[in-house]
Amino acid sequence: MATLVRLPVPMPEITTKPRTKTQPKTERPKLYKVILVNDDFTPREFVVTVLKGEFKLSEDQARRVMITAHQRGVCVVAVFTRDVAETKAARATDAGKAKGYPLMFTTEPEE
Ligand code: TYC
């Protein structure tokens with residue numbers, strides 16, 4: 001008499017991959033504001049000239065930025081990546097220093 005042996009049948013293994021939602025990485029660099037600071041000595045025309053030369057502002061834009069800093073104490077000139085902002089602020093500040101003016105440009109990170 002034959003004995004029936006029941007062998008275990010292997011089940012196909014179902015594996016589920018954990019779905020980790022991957023954000024498309026298009027990291028944008030943090031931007032920095034270049035800020036023009038008012039003082040009592042630098043001639044208005046010189047400030048306008050520096051703004052046009054270093055920041056490529058039009059005559060009209062440069063005058064508005066200069067007047068805003070003159071009236072309110074500071075004015076944002078433009079925003080750039082950190083390196084560019086710091087280089088431009090330093091060059092513009094140096095342009096004033098070369099003429100003996102206390103003209104100052106600073107940088108600060110955007111919120
Ligand atoms: N206040 C300066 C003046 O009356 C002009 C000036 C404007 C200087 C803006 C700096 O960031 C400045 N001659």
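This report walks through the fold, the nonpolar core and the ligand site of one protein chain.

**The overall fold**

Keep in mind that you're looking at a predicted model. The chain has three helices and three strands, and if you read along the sequence they come in the order β-α-α-β-α-β. Out of 111 residues, 27% count as buried. The accessible surface of the chain adds up to about 9,100 Å², and 55% of that belongs to carbon and sulfur atoms.

How much of the contact network links residues that sit 24 or more positions apart? Such pairs make up 71% of the contacts with a separation of 6 or more.

**The nonpolar core**

Now for the inside. The largest nonpolar core has 22 residues, and the ones touching the most other members are V34, L36, L51, F55, V77 and F105. Several elements chip in with at least two residues each: strand 1 (31–37), helix 1 (44–55), helix 2 (59–72), strand 2 (74–81) and helix 3 (82–98). Helix 1 gives the most, with six residues.

L36 is a good one to click on. Leaving aside its neighbours within four places in sequence, L36 is in contact with a whole list of residues, including V47, L51, V65, M66, V77 and F105. Other partners of L36 on that list include A69, G73, C75 and L103.

**Around the ligand**

L36 turns up again here: the residues around the ligand are L36, V37, N38, D39, T42, R44, V47, M66, A69 and H70. By type, this shell splits into five nonpolar, three polar and two charged residues. Strand 1, helix 1 and helix 2 each supply at least two of the shell residues, and the largest share, three residues, comes from helix 2.

Which protein atoms lie 2.7 Å, 2.8 Å or 2.9 Å from a nitrogen atom of the ligand? Here they are:

| Residue | Protein atom | Ligand atom | Distance |
|---|---|---|---|
| N38 | side-chain N or O | nitrogen | 2.8 Å |
| D39 | backbone N or O | nitrogen | 2.7 Å |
| H70 | polar side-chain atom | nitrogen | 2.9 Å |

So much for single atoms; what about the ligand as a whole? On its own, the ligand has 340 Å² of accessible area, and the protein covers 89% of that.

If you want one residue to remember, try L36: it is among the core members that touch the most others, and L36 is also one of the residues around the ligand.

Key:
Residues numbered from 1 in each chain as written. Predicted model: local features only at pLDDT ≥ 70, side-chain atom pairs only at ≥ 80, totals over all residues. Heavy atoms only, no water. Core = buried A, V, L, I, M, F, W, Y, C linked by side-chain atoms within 4.5 Å. Buried < 20%, exposed > 50% of the residue type's maximum accessible area, 1.4 Å probe, protein only. Helix = DSSP H or I, 4+ residues; strand = E, 2+ residues; numbered from the N terminus. Contact = heavy atoms within 4.5 Å. Near = heavy atom within 4 Å. Polar contact = N/O pair within 3.5 Å; in protein donor to acceptor, adjacent residues only side chain to side chain. Areas by Shrake-Rupley, 256 points an atom, 1.4 Å probe, with all protein chains shown as cover. Nonpolar A, V, L, I, M, F, W, Y, C, P; charged D, E, K, R; others polar.
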